[in-house]
Amino acid sequence: MEYAIYWIKEDVARSYFHKCDILYRFFKEYEANPTREDLKAQYIYITHHIPLQTIAAQLNVQAFEHISIKTDGHMLYLNKNEITICLYAENGHLYFRCTELEEAAMLLFPMLRNCHPFVFVQGKNVSNYGWISPITQNNHIRMRQILYSRL
C-alpha cells in the first residue's frame with residue numbers, strides 16, 4: 001500500500017481536524033490537477049514542505065530500539081524484524097509504502113508524532129486517510145479521530 005504524508009500547518013490542522021473528508025477531497029483534487037494555480041497556492045498555504053533528508057535526520061534521532069534506518073538516494077528504509085517501510089520523495093511530496101497500515105502505525109507513526117504533531121496521511125491506492133495522532137485542545141480534551149477507511 002502507498003500513502004502520502006502531509007505536514008499540515010497548525011492553524012489549518014486545528015480548524016480542519018474534524019473535517020478530514022474535506023482535506024481528503026482537496027488532496028485528491030490537487031493530486032489530479034497539480035498545475036492548477038489555485039490548488040497549488042492553497043496546497044502551499046496549508047502544508048509545510050517535508051524534505052526527505054530532514055525527515056531522515058529526525059527519524060535517526062527518534063529511532064526506537066531495534067529499528068534500522070538506511071538511505072539509498074531518494075529512498076529511506078525503516079526496518080524492524082520482518083517489517084520494512086519505504087519512504088521516498090517524489091515531485092516535492094513525501095510518500096511511504098508498507099504491506100499493512102498497522103506496520104506504519106507501529107514503526108513510522110510514533111517517530112513522526114515526535115517530529116511533527118500535525119501529520120495527515122492519505123492512501124494513494126487505498127481509501128485510508130486521517131491524522132496520525134489526536135490534537136489536544138486548550139481544554140485538555142483529546143479528540144480521537146485517527147486513520148480510518150473510507151468505504
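Tyr-16 touches Ile-22, Leu-23 and Trp-131, leaving out residues up to four places away in sequence; touching, or contact, here means heavy atoms within 4.5 Å. This is a predicted model, where local features need pLDDT of at least 70, side-chain atom pairs count only at pLDDT 80 or more, and totals for chains, interfaces and linings use all residues. Numbering starts from 1 along each chain as its sequence is written, and side-chain values use heavy atoms, with hydrogens and water left out. Below come the cores, the paired strands, the salt bridges and a few single residues.

**Tyr-16 and its helix**

- Tyr-16 sits in helix α1, residues 10–16; helices (H or I, at least four residues) and strands (E, at least two) are DSSP runs, numbered from the N terminus.
- With a relative accessible area of 31%, Tyr-16 is partly exposed; that class lies between buried (under 20% relative accessible area) and exposed (over 50%), using a 1.4 Å probe and protein chains only.
- Helix α1 also holds Arg-14 and Glu-10, which are four residues apart, about one turn of the helix.

**Nonpolar cores**

- The largest nonpolar core has 28 residues; such a core is a set of buried Ala, Val, Leu, Ile, Met, Phe, Trp, Tyr and Cys residues joined through side-chain atoms within 4.5 Å.
- Leu-59, Leu-87, Phe-96 and Leu-108 are the ones with the most contacts inside this largest core.
- Two or more residues apiece come from the strands β1 (2–8), β4 (75–80), β5 (83–90), β6 (93–97) and β7 (119–123), and from the helices α4 (52–62), α5 (101–107) and α6 (109–115).
- There's also a second, separate core of 23 residues, and Ala-4, Ile-8, Ala-13 and Phe-26 are among its members.
- Which residues does Phe-96 contact, leaving aside neighbours within four places in sequence? They are Met-1, Glu-2, Tyr-3, Ile-5, Ile-85, Cys-86, Leu-87, Ala-104, Leu-108, Phe-109 and Val-121.

**Strands β4, β5 and β6**

- β4 and β5 run antiparallel and are joined by six bridges; two strands pair if DSSP finds at least two bridges between them.
- Across that pairing, Leu-78 stands opposite Ile-85 in β5.
- The β4–β5 hairpin has two residues between its strands, and Asn-81 in the turn has a positive phi of about 55°.
- On to the next pair: β5 and β6 are antiparallel too, with five bridges joining them.
- Cys-86 has Arg-97 in β6 as its bridge partner.
- The β5–β6 hairpin has two residues between its strands, and here Asn-91 is the turn residue with a positive phi of about 55°.

**Tyr-88 in β5**

- Tyr-88 belongs to strand β5 and counts as buried at 3% relative accessibility.
- Skipping residues up to four places away in sequence, Tyr-88 touches Glu-2, Leu-52, His-74, Met-75, His-93, Leu-94, Tyr-95 and Arg-97.
- Tyr-88 and Leu-76 are 12 residues apart in sequence, yet their C-alpha atoms are 6.1 Å apart in space.

**Salt bridges**

- The count comes to four salt bridges, each one being a side-chain nitrogen of Lys or Arg within 4 Å of a carboxyl oxygen of Asp or Glu.
- In α1, the side chains of Arg-14 and Glu-10 form one, at 3.1 Å from N to O.
- Both partners are partly exposed, Arg-14 with a relative accessible area of 32% and Glu-10 at 41%.
- Asp-21 and Arg-25 make another, at 3.2 Å from N to O.
- Asp-21 and Arg-25 lie in helix α2 (residues 20–32), four residues apart, so about one helical turn separates them.
- Asp-21 is partly exposed at 34% relative accessibility, and Arg-25 is partly exposed as well, at 47%.
- Asp-38 pairs with Arg-36 in a salt bridge whose closest N and O atoms are 2.7 Å apart.
- Asp-38 is partly exposed, with a relative accessible area of 45%, and Arg-36 falls in that class at 34%.
- Glu-29, Arg-36 and Asp-38 are joined into one network by salt bridges that share partners.

**His-116 between α6 and β7**

- Where is His-116 placed? You'll find His-116 in the loop between α6 and β7.
- Although it's a loop residue, His-116 is buried, with a relative accessible area of 6%.
- Apart from neighbours within four places in sequence, the contacts of His-116 are Trp-7, Ile-55 and Gln-58.
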